[in-house]
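Here's a quick briefing to read alongside the model. Have the structure open and follow the residue numbers as you go.

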Amino acid sequence: MTESTDRLDSTKLNSVESASTNIADNKVPIAVSSTHQSIDSKTMNHTPKAMYVTSGNSITPKGKLDKMPKMVANGSRAFIWYLLAIMVLILDQWTKWLAQTTLAFNDPVPVIEPFLNWTLAYNYGAAFSFLADAGGWQKWFFSGLAFVMAIFLTIYLIKAPRTAKLLSMGLALVLGGAIGNLIDRLRIGKVVDFIHVHYADVWNYPIFNVADIGVCVGVALIIIDMIFLESKRNE
C-alpha cells in the first residue's frame, strides 16, 4: 500500500514538473479564464472615445459643422429683387423720355445752382464716354456685354443667399441699370443722359442717367457686402 502511494505521488510530481517545464519553454498555451475574458472585454468597451466625430474633415468637429448656418438660396423669393430691377428700369426709361421730349440737346437747364443742371446728351460709348468715338462697333460690343451681364445677374439672384439682402439689392440695381442702357443702345444706338452735376464752370462731372445711378449704387452695395458681411455669413 505504501509502495503504491509512493509511486502515485512520484507520478504526480513528474507530471507537475513536466507541465512546468513545458510552460517555461512556451510549449503549452496558457488558458485564459472566463473571468479574465470578461475583464478584458469590459476594458476594451471602455476604451476612451474621440471627443467628437469628424465628417470629411479631421479638424472641424461634426458638432461645429451642425451649428454652422446653412445657406438658403433666394429661389422663388428672387422675384422681389426682380421687381426692384423693374422699378429701376421703368424709372430710367421714363426719365429719359421726359428728357428727350422737354430738353434741347446740349442746352443746360439749371436746377440747383451752381451744382445741378438738366442737360440732354447722348453717349455712344461706355461709362464716361469711353470709346464714344469708335467706328460703331462699340454699340454691339457693349450691347452684348450688357446682355450677358443681365443673364448672369438674373440667374445669380436666384442662387444668392436669402440672408444676403444687401447683396441681392445691389445685384438688382445693377440688373435694372444694365437693361436700361441696353434698351437705349438697341433702340436708338446710343445712351440718353441728362443729369449734369457740376460746380459753376470750374468742374463738370460726366453727364449720366438713372440707369448709371443704379449700376454705381449696386456695385457699391456688392463691394460692401463682400468686405464686411460675406465673412460673417460663413462663420
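What follows walks through the sheet, the backbone oddities, the surface patch and the cores. Keep in mind that this is a predicted model. The main items are an open sheet of 4 strands, a cis peptide bond ahead of proline 114, a nonpolar patch on the surface and a nonpolar core of 13 residues.

**The sheet**

- The 4 strands line up in the order β1-β2-β3-β4, with antiparallel pairing, and the sheet is open.
- β1 and β4 sit at the edges with a single partner strand each, so one side of each has no neighbour in the sheet.
- As a reminder, strands of a sheet pair through backbone hydrogen bonds, either parallel or antiparallel.
- β2 and β3 are joined antiparallel by 6 bridges. Within this pairing, tryptophan 118 has isoleucine 195 as its bridge partner in β3, and tyrosine 122 has valine 192.
- β3 covers residues 191-199, and 7 of its 9 residues are buried, so the rest of the structure largely encloses this strand.
- On to β4 (residues 203-204): 2 bridges tie it to β3, again antiparallel. Histidine 198 is found opposite asparagine 204 of β4.

**Backbone oddities**

- Some background first: most residues other than glycine have a negative phi, and most peptide bonds are trans.
- The bond from glutamate 113 to proline 114 is cis, with omega near -5°. Proline 114 belongs to the loop that links β1 (109-112) and β2 (116-123).
- Asparagine 106 isn't a glycine, yet its phi is positive, at about 60°. You'll find asparagine 106 in the loop between α4 (78-102) and β1, and with a relative accessible area of 52% it is exposed; the cut-off for that label is over 50%.
- Alanine 200 also takes a positive phi, near 50°, in the β3 and β4 hairpin, where 3 residues lie between the strands.

**The nonpolar surface patch**

- Val109, Val111, Ile112, Phe115, Trp118, Tyr199, Val202, Trp203 and Tyr205 make up a nonpolar patch on the surface, together offering about 860 Å² of accessible area.
- β1 supplies the largest share of the patch, with 3 residues.
- Take valine 109, which is part of strand β1: its relative accessibility of 34% makes it partly exposed.

**Leucine 120 up close**

- Is leucine 120, in strand β2, buried or exposed? At 3% relative accessibility, it is buried.
- Setting aside neighbours within four places in sequence, leucine 120 is in contact with Ala99, Gln100, Leu103, Ala104, Phe105, Asn106, Val192, Asp193 and Phe194.
- The C-alpha atoms of leucine 120 and glutamine 100 are 7.1 Å apart, with the two residues 20 apart along the chain.

**The cores**

- In general, nonpolar side chains of soluble globular proteins tend to be buried together.
- The largest nonpolar core here has 13 residues, and Leu153, Leu157, Leu167, Leu171, Leu175 and Ile222 have the most contacts inside it.
- α4, α5 (137-159) and α6 (165-188) each give two or more residues to this core, and α6 has the largest share, with 5 residues.
- Beyond its neighbours within four places in sequence, isoleucine 222 is in contact with Leu167, Gly170, Leu171 and Val174.
- There is a second, separate core of 9 residues, which includes Leu116, Leu120, Phe208 and Val210.

Technical notes. Residues numbered from 1 in each chain as written. Predicted model: local features only at pLDDT ≥ 70, side-chain atom pairs only at ≥ 80, totals over all residues. Heavy atoms only, no water. Buried < 20%, exposed > 50% of the residue type's maximum accessible area, 1.4 Å probe, protein only. Pairing = 2+ DSSP bridges. Patch = residues over 30% accessible without salt bridge, like charges linked within 9 Å, V, L, I, M, F, W, Y side chains within 5 Å. Areas by Shrake-Rupley, 256 points an atom, 1.4 Å probe, with all protein chains shown as cover. Salt bridge = Lys/Arg side-chain N within 4 Å of Asp/Glu carboxyl O. Contact = heavy atoms within 4.5 Å. Core = buried A, V, L, I, M, F, W, Y, C linked by side-chain atoms within 4.5 Å.
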